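Here is a short set of exercises to work through with the model open beside you. Try each task before reading its solution.

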Amino acid sequence: MAVIFYARVSTAEQTIEHQRQQAEAAGFKIDRVVADHGVSGVTTALADRPEGKRLFDILRSGDTLVVRWVDRLGRNYADVCDTIRQFMRQGVVIRTVINGLTFDGATKDPMQQAVRDALIAFMAATAQANAEAMKEAQRGGIALARSTDGEAKYRGRKPSFSKEQFSAVCEMLELSAGIGEIASATGLSRQTIYRIRDDRTGAQSALARWQG
């Protein structure tokens, strides 16, 4: 029985190694890493990604699939739900690094199945909602950066966080994670996390100015 870690990175600022380190720090003993680079979780289903589709051939009954969170599988509600349920039908256990969730098809009790399926649906909906919220924040940040650039070229202080760290902070805030937990997971200071929490559009604007 193998433990397969799947990672997806969609930008140059994100790294597979960072996601793997998070998983190992959480106690997972990984046998194999499968990763997709430069792939959107919103527009590209797992089965359509170069490496993601290999998971359906690699994973066997009894194996464990580890992901940082369900959004690595996708950010589309229907796709995430279908993917997790298909893996469970294959006898695969899905575990997340963030929140320590476990999904499997072991239980035959209908009430427990209902609770499990409701949690899967909630996590999938949250993944899509987070993606839409970040896209909106990005649009607002870019618009603010452009309007500022129209008045002056001063970009202000360079952000102390990357796009990946910003996304991770937003995701964990949506999951009601504590500031200390987020700081430990992202390597950012508590003060930086408070600033992102209190002004996401401003934080996104700062990233946009320095990336533009």
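**Exercise 1. Classify Cys81 and Cys170 as buried or exposed, then say how many disulfides the structure has.**

Step 1. Cys81 counts as buried because its relative accessibility is 3%, where buried means under 20% relative accessible area, exposed over 50% and partly exposed in between (1.4 Å probe, protein chains only).
Step 2. Cys170 is also buried, at 3% relative accessibility.
Step 3. A disulfide is a pair of cysteine sulfur atoms within 2.5 Å, and searching the whole structure gives zero disulfides.

A word on the ground rules: this is a predicted model, in which local features need pLDDT of at least 70 and side-chain atom pairs count only at pLDDT 80 or more, while totals for chains, interfaces and linings use all residues. Residues are numbered from 1 along each chain as its sequence is written, and side-chain values use heavy atoms, with hydrogens and water left out.

**Exercise 2. Describe the surroundings of Gln165: which helix holds Gln165, and what does its side chain reach?**

Step 1. Gln165 belongs to helix α5, residues 163–174; helices (H or I, at least four residues) and strands (E, at least two) are DSSP runs, numbered from the N terminus.
Step 2. With a relative accessibility of 18%, Gln165 counts as buried.
Step 3. Its side chain reaches the backbone oxygen of Thr186 at 3.1 Å.
Step 4. Once neighbours within four places in sequence are set aside, Gln165 is in contact (heavy atoms within 4.5 Å) with Ser160, Thr186 and Leu188.

**Exercise 3. Find how many salt bridges there are, and work out which residues join into one network.**

Step 1. Take a salt bridge as a side-chain nitrogen of Lys or Arg within 4 Å of a carboxyl oxygen of Asp or Glu; the count is then seven.
Step 2. Arg116 pairs with Asp117 in a salt bridge, their closest N and O atoms being 3.1 Å apart. Arg116 is buried at 16%, whereas Asp117 is partly exposed at 25%.
Step 3. Elsewhere, shared partners in salt bridges link Arg68, Asp71, Arg72 and Arg75 into one network.
Step 4. Within it, Asp71 has a salt bridge to Arg68, with the closest N and O atoms 4.0 Å apart, and another to Arg72, at 3.2 Å.
Step 5. Asp71 is buried at 0% relative accessibility, Arg68 is buried at 3%, and Arg72 is buried too.

Key: Polar contact = N/O pair within 3.5 Å; in protein donor to acceptor, adjacent residues only side chain to side chain.
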